Amino acid sequence: MHATHNGCFHQTARRIAPAWALLVLLGASVAWAADGSFQVRSAAARLTDNVYFVDARIDYELSDKALEALDNGVVLTIQMQIEVIRKRAFLPDALIAELQQDSTLSYEPLTQRYVVRNINSGLQASYATLFSALSSLGRVNGLPVIDAALLDAEATHRMRMRVVLDQDTLPGPLRLIAFWSSGFRLASDWYGWTIRD
Amino acid sequence: MDYKGLKKLAGRSLVVAAVLLGASALVLLGLTSQDSEQFGRTHDLLLLINGIGAVVLLLLISSNLYRLVRDFRAGKAGARLKTRMLLAFVTLAVAPLVIVWYFAVQFLNQGIDSWFDVRVEQGLGDALELSRSALDVRMREDLEKTRLAAVQIDGIRPMQLVSVLGDLRREAGAMEITVFGDGSRIIATSTSDPAALFPSPPPDDMSIGLRRSGRYVSLEPALAGRYQVRAAVSLRPRAPGAETLVVQGLYPVGGRIGILADSVEQSYRRYRELAFLREPLQSSFTITLTLVVLCCFLAALYGGVFFTRRLVAPLQSLVAGTQAVARGDLDTRLPIATHDEVGFLIDSFNEMILRLKNAREAARWSQQQVEEERAQLAAILARLTTGVIALESDRSIRIANEAAGLILDADLARSEGHPLEELAEQRPLVAQFVAALRVRGEKKGHEWRDELELRTDTGRRTLVCASTALPVDETGAAGEVIVFDDVTNLVRAQRDAAWGEVARRLAHEIKNPLTPIQLSAERIRRRFLKKLDAVDAEVLDRATHTIVQQVEAMRDMVNAFSEYARAPALSLAVVDLNQLVREVSYLYPARDGHPAIELELDQGAGEVAADVVRMRQVLHNLIRNALDALDSREGGRVTVSTSISAAGDVELVVSDNGPGLDPDTLDKIFEPYVTTKSKGTGLGLAIVKKLVEEHRGSVVAENTEGGGAAVHVRLPRHQIDGTETDNNSRTKDERWREHA
């Protein structure tokens with residue numbers, strides 16, 4: 001797989017060009033058209049046995065770049081972040097608790113299946129299609145978040161959650177690209193709601 | 001350590017740190033270029049190191065460049081040289097860096113490309129396919145086992161299923177066998193995992209496969225890199241509307257095939273990931289290398305700035321020193337920072353300045369000596385009564401002493417640098433002097449000695465003058481020094497002395513025989529007059545009478561001479577000149593055709609210190625002289641006036657409206673025996689002049705405009721404090737006369 005000198009030059013030039021472009025645009029945030037999106041459709045907390053459980057529905061749509069990486073063996077880590085906040089009248093709201101659930105999504109070329117693994121619990125499941133895998137990932141049922149005793153009964157509390165594609169767990173060379181490319185900058189907005197007994 | 005030292009140390013530390021960071025980044029890059037995982041771990045560190053290095057260097061370079069631009073715009077010494085050297089440094093640094101960068105990028109990219117081989121990729125793909133094929137056989141076997149289990153289960157009551165399933169699971173070698181009803185309802189299950197509470201739920205796609213063919217089989221990844229086969233078979237309902245049962249079995253892919261399949265899968269997956277990461281890896285390498293090279297370039301640039309500054313600093317110091325020396329500051333000493341050629345140059349500069357300073361001190365000392373000598377010469381010249389004028393080759397005055405100015409009645413000191421001829425246009429004495437010089441110069445050149453006669457208001461002025469050539473100047477022309485002395489008084493004194501000697505000799509040699517002559521003539525007359533006849537007696541009488549008369553005349557003449565020659569000491573007293581004039585004028589009433597003396601006396605004319613007897617004689621001589629000049633003519637008038645002259649002296653003027661004086665004898669009218677009258681001894685005005693000069697006065701005769709003559713006598717005014725007029729209020733002429 002040795003290219004000719006001329007071809008090698010063009011190849012080198014082709015590789016150098018984005019590097020220079022990146023250097024020139026150092027510090028500037030470049031907004032590419034985002035073709036993937038994470039979105040929390042709905043979320044709610046229910047109190048069962050003095051523990052608040054969260055049920056949520058999340059839409060995961062991977063970008064082409066993320067899909068390409070996934071199909072080529074790159075493991076994607078998706079973080080689900082949940083925060084419990086106590087509202088205060090004249091002061092900034094206080095963060096009472098935060099919970100992070102990390103799940104990995106990978107593709108097994110031998111079985112040709114997508115594997116979803118919960119890092120926190122160690123459980124994993126495989127799916128024949130990406131759609132099934134993402135649908136499974138998007139269903140959050142009865143996730144225990146906080147004991148009701150830890151909340152002030154007199155105060156108003158809010159919860160909010162979001163999901164983020166973790167760039168830090170990407171392979172090193174990809175992290176540099178991910179830093180500049182919106183294809184790997186996938187995160188949902190915060191979805192918040194007030195906790196009611 | 002002072003602030004400057006700390007700043008310098010901090011700057012150097014930063015540069016060393018930046019260089020070390022860049023070097024360590026290069027080493028890390030070299031170490032990790034063969035391992036993408038390690039590169040991935042160190043990539044962020046590399047970028048951070050290089051980023052920090054680049055920022056530090058950029059700050060340092062920006063600071064230095066700002067200073068350079070500021071110095072360049074301000075036209076500071078050395079800025080241009082510094083700029084040129086820096087450009088040379090940059091040019092020298094850029095070319096090799098670009099070459100190194102280009103070939104390093106090439107090398108890296110080719111190195112990364114060498115990781116990948118089409119044959120390897122193909123082989124891995126084939127191995128994966130092979131694994132799949134091998135596992136397909138296993139999957140079909142497991143599906144068959146499940147189908148057989150389903151056949152045995154079919155028709156068994158649910159209550160009996162649990163015990164049957166266990167036996168079937170063991171027989172089939174399955175991990176788990178579960179019977180699901182509609183909606184994935186668990187009817188019965190058997191598992192080899194005692195910790196499992198629930199059986200593995202059927203996947204979403206299983207129902208599709210079961211509906212399509214009544215069978216489902218899939219290979220699934222399990223925990224710990226293992227695989228499992230999920231096989232399911234649906235049972236036909238025994239009665240219409242009855243529940244459809246699904247038997248699902250989970251079979252482990254163990255043994256050698258499972259390990260190999262996992263190995264193949266891992267290798268294939270790793271290769272795919274690497275292949276996918278190839279371009280990002282190359283881009284990352286390129287970026288990191290570019291940053292490292294950029295750091296090296298910036299370090300080289302800063303090094304260029306640093307060394308340029310160090311190289312140019314002594315030159316700047318040298319330029320500043322040169323400028324200081326150009327301004328005349330010879331105390332400048334440049335610090336010798338280095339011991340190389342530049343240090344030697346600065347050392348030589350310092351030595352040169354020292355020598356220059358010594359030379360200047362010597363020159364100043366010499367100049368001071370010259371000035372002192374010049375001042376001494378000027379003092380000597382100023383004290384000299386001899387006039388000295390040094391003329392340049394262009395006849396301009398180089399130097400003239402005060403005596404020269406006094407003699408020539410001109411301010412020669414102020415005219416230094418100007419041609420003598422220029423002054424001649426304003427000062428008549430100088431004009432006569434220049435004309436005399438020119439005549440003698442034309443005849444005799446620069447070397448001559450002669451006596452000059454100048455006409456002044458107070459009579460002739462006799463100068464003994466000598467000219468000497470000065471050394472030839474750079475143009476080849478030579479100036480001259482003219483030394484001259486006013487010998488008017490000397491000549492006059494010599495003349496007076498000669499006349500006095502003549503008078504004494506006349507008195508001695510002539511007066512003595514006169515008495516015997518007269519007595520002899522009278523004796524002859526007495527003895528022979530009566531004895532002779534009338535005719536002879538008349539002749540004798542007339543002859544003896546003539547002899548006696550002429551002897552008397554000669555005696556008068558001799559007496560007058562005696563009077564002229566006699567010089568007894570003055571008996572000075574304060575005399576009111578006006579009163580003296582009145583007294584003397586009373587003695588000349590209007591009679592015998594002589595007019596009365598008209599007096600025009602200025603009451604303000606002060607008293608004079610004079611010998612009243614001699615002043616009376618002066619008045620007598622002048623008035624008598626004036627009356628004689630009128631010679632009993634009609635309308636004759638003699639006027640005596642007194643006044644204060646512009647110089648503050650008392651001026652006495654005796655004038656008449658007679659025929660006036662002969663212009664040819666005007667200059668010599670005060671010399672003995674110079675007279676225009678038919679009678680008289682010719683000594684009257686000479687005596688007047690002598691007496692006036694004894695009183696430190698001056699006398700001048702002139703013809704008046706309306707006809708007639710006037711004699712001006714100037715006497716020093718007697719001040720109230722008993723002194724005469726001080727020197728400051730006198731004219732130059734009088735001061736000079738006193739000086740002489």
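This passage walks through the fold of chain B, its nonpolar cores, one of its helices and its meeting with chain A. The model is predicted, and the description begins with the overall make-up of chain B.

Chain B contains 18 helices together with 17 strands. Of its 740 residues, 30% are buried. Among the contacts in chain B with a separation of 6 or more, 60% join residues that stand 24 or more positions apart.

The nonpolar interior offers a good place to start looking. The largest nonpolar core holds 64 residues, and within this core B:Cys295 and B:Leu298 touch the most other members. Helix α7(B) gives the most to the core, contributing 17 residues. Once its neighbours within four places in sequence are set aside, B:Leu298 is in contact with B:Ala54, B:Leu57, B:Leu58 and B:Ile61. There is also a second, separate core of 40 residues, which includes B:Leu622, B:Leu630, B:Val654 and B:Leu685.

A closer view of one helix comes next. Helix α15 of chain B spans residues 577–586, and B:Leu577, B:Asn578 and B:Val581 are buried in it. These residues lie on the same side of α15(B), because they cover an arc of only 100° around the axis. An α-helix has 3.6 residues a turn, so residues three or four places apart point the same way. On the face of α15(B) turned away from the buried side sit the exposed residues B:Gln579 and B:Tyr586. The packing partners of the buried residues of α15(B) are the strands β11 (573–575), β12 (597–600), β13 (608–610), β14 (638–644) and β15 (650–656), along with helix α16 (612–630), in chain B.

Attention now turns to where the two chains meet. Here 41 residues of chain B are in contact with 30 residues of chain A. On the chain B side, at least two residues each come from α2 (36–73), α3 (79–113), α4 (118–153), α6 (204–213), β3 (215–221) and α7 (255–326). The largest share, 18 residues, is supplied by α7(B). By residue type, the side of chain B that touches chain A comprises 18 nonpolar, 11 polar and 12 charged residues.

A word on confidence in chain A completes the picture. Its average pLDDT is 82, and 82% of the residues score at least 70. Over residues 1–13 of chain A the pLDDT is below 50, and this stretch has 10 contacts in the model beyond near neighbours in sequence. Residues 19–34 of chain A also have a pLDDT below 50, with 15 contacts in the model beyond near neighbours in sequence.

Notes
Residues numbered from 1 in each chain as written. Chains lettered and ligands numbered in written order. Predicted model: local features only at pLDDT ≥ 70, side-chain atom pairs only at ≥ 80, totals over all residues. Helix = DSSP H or I, 4+ residues; strand = E, 2+ residues; numbered from the N terminus. Buried ≥ 20, exposed ≤ 12 C-beta atoms within 10 Å, placed from the backbone. Contact = placed C-beta atoms within 7 Å. pLDDT = per-residue confidence, 0-100. Arc of directions from axis to C-beta. Nonpolar A, V, L, I, M, F, W, Y, C, P; charged D, E, K, R; others polar. Core = buried A, V, L, I, M, F, W, Y, C linked by C-beta atoms within 7 Å.
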